[in-house]
Amino acid sequence: MSIDWTALGQVTAVSVGVTVAVVVVFALGVLGLARFEGAREDSGGGTSTLGFAQAGLCFLACAAVVAYGIYLIVPQFH
């Protein structure tokens, strides 16, 4: 049994890269949520809306990546 080390390395690199990207996007969503909460406490309207929009877009992007991963894993969806 022979292992194709190049393919294994490519899969590992893509997996690590996507994981880091999803964590960064999720962290930006948490930052937007914190910005939303902080602006709401200070009763400033503009930053509050911007933070809420940032959080929503980031969390939506993370959910889309997770849904796509589930689609790729579960064979009944193909």
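Start with the whole surface: the protein exposes about 5,900 Å² (Shrake-Rupley method, 1.4 Å probe; for residues, only the protein chains shown count as cover). Carbon and sulfur atoms supply 74% of that area. Before you click further, note that this is a predicted model, where local features need pLDDT of at least 70, side-chain atom pairs count only at pLDDT 80 or more, and totals for chains, interfaces and linings use all residues. Numbering runs from 1 along each chain as its sequence is written, and side-chain values use heavy atoms, with hydrogens and water left out.

Now switch to cartoon. You'll find two helices and zero strands; these are DSSP runs numbered from the N terminus, H or I of at least four residues for helices and E of at least two for strands. Helix 1 covers residues 5–41, and helix 2 covers residues 45–73.

Zoom out for the overall shape. Along the principal axes, the C-alpha atoms fill a box of roughly 65 × 25 × 10 Å. The radius of gyration is 18 Å, while a compact globule of 78 residues would have one near 12 Å (taken over C-alpha atoms; the globule rule is 2.2 Å times the number of residues to the power 0.38). Color by burial next: 13% of the 78 residues are buried (under 20% relative accessible area; exposed is over 50%, partly exposed in between, with a 1.4 Å probe and protein chains only). As for contacts (heavy atoms within 4.5 Å), 44% of those with a separation of 6 or more join residues 24 or more positions apart.

Select Ser 15 in helix 1. Its side chain reaches the backbone oxygen of Val 11 at 2.8 Å, a polar contact (a pair of N or O atoms within 3.5 Å; within protein, one must be able to donate a hydrogen and the other to accept it, and residues adjacent in sequence count only if both atoms are side-chain atoms). Ser 15 has a relative accessible area of 39%, so it counts as partly exposed. Add Phe 36, 21 residues along the chain from Ser 15, and the two C-alpha atoms turn out to be 31 Å apart.

Stay in helix 1 and pick Leu 28, which is partly exposed because its relative accessible area is 37%. Leaving out residues up to four places away in sequence, Leu 28 touches Gln 54 and Cys 58. The C-alpha atoms of Leu 28 and Gln 54 sit 7.6 Å apart, with their positions 26 residues apart along the chain.

Hop over to Gln 54, in helix 2. Is Gln 54 buried or exposed? At 19% relative accessibility, it counts as buried. With residues up to four places away set aside, Gln 54 touches Leu 28, Leu 31, Gly 32 and Arg 35.

Back in helix 1, try Val 30, partly exposed at 42% relative accessibility. Measure across to Ala 55: 25 residues apart along the chain, their C-alpha atoms are separated by 6.4 Å.

Last stop: select Val 66, Tyr 68, Ile 70, Tyr 71, Leu 72, Ile 73 and Phe 77, a nonpolar surface patch with about 740 Å² of accessible area together. Within that selection, Tyr 71 belongs to helix 2 and, at 35% relative accessibility, counts as partly exposed.

Technical notes:
Patches are made of residues with over 30% relative accessible area and no salt bridge: like charges are joined within 9 Å, nonpolar side chains (Val, Leu, Ile, Met, Phe, Trp, Tyr) within 5 Å. A salt bridge is a side-chain nitrogen of Lys or Arg within 4 Å of a carboxyl oxygen of Asp or Glu.
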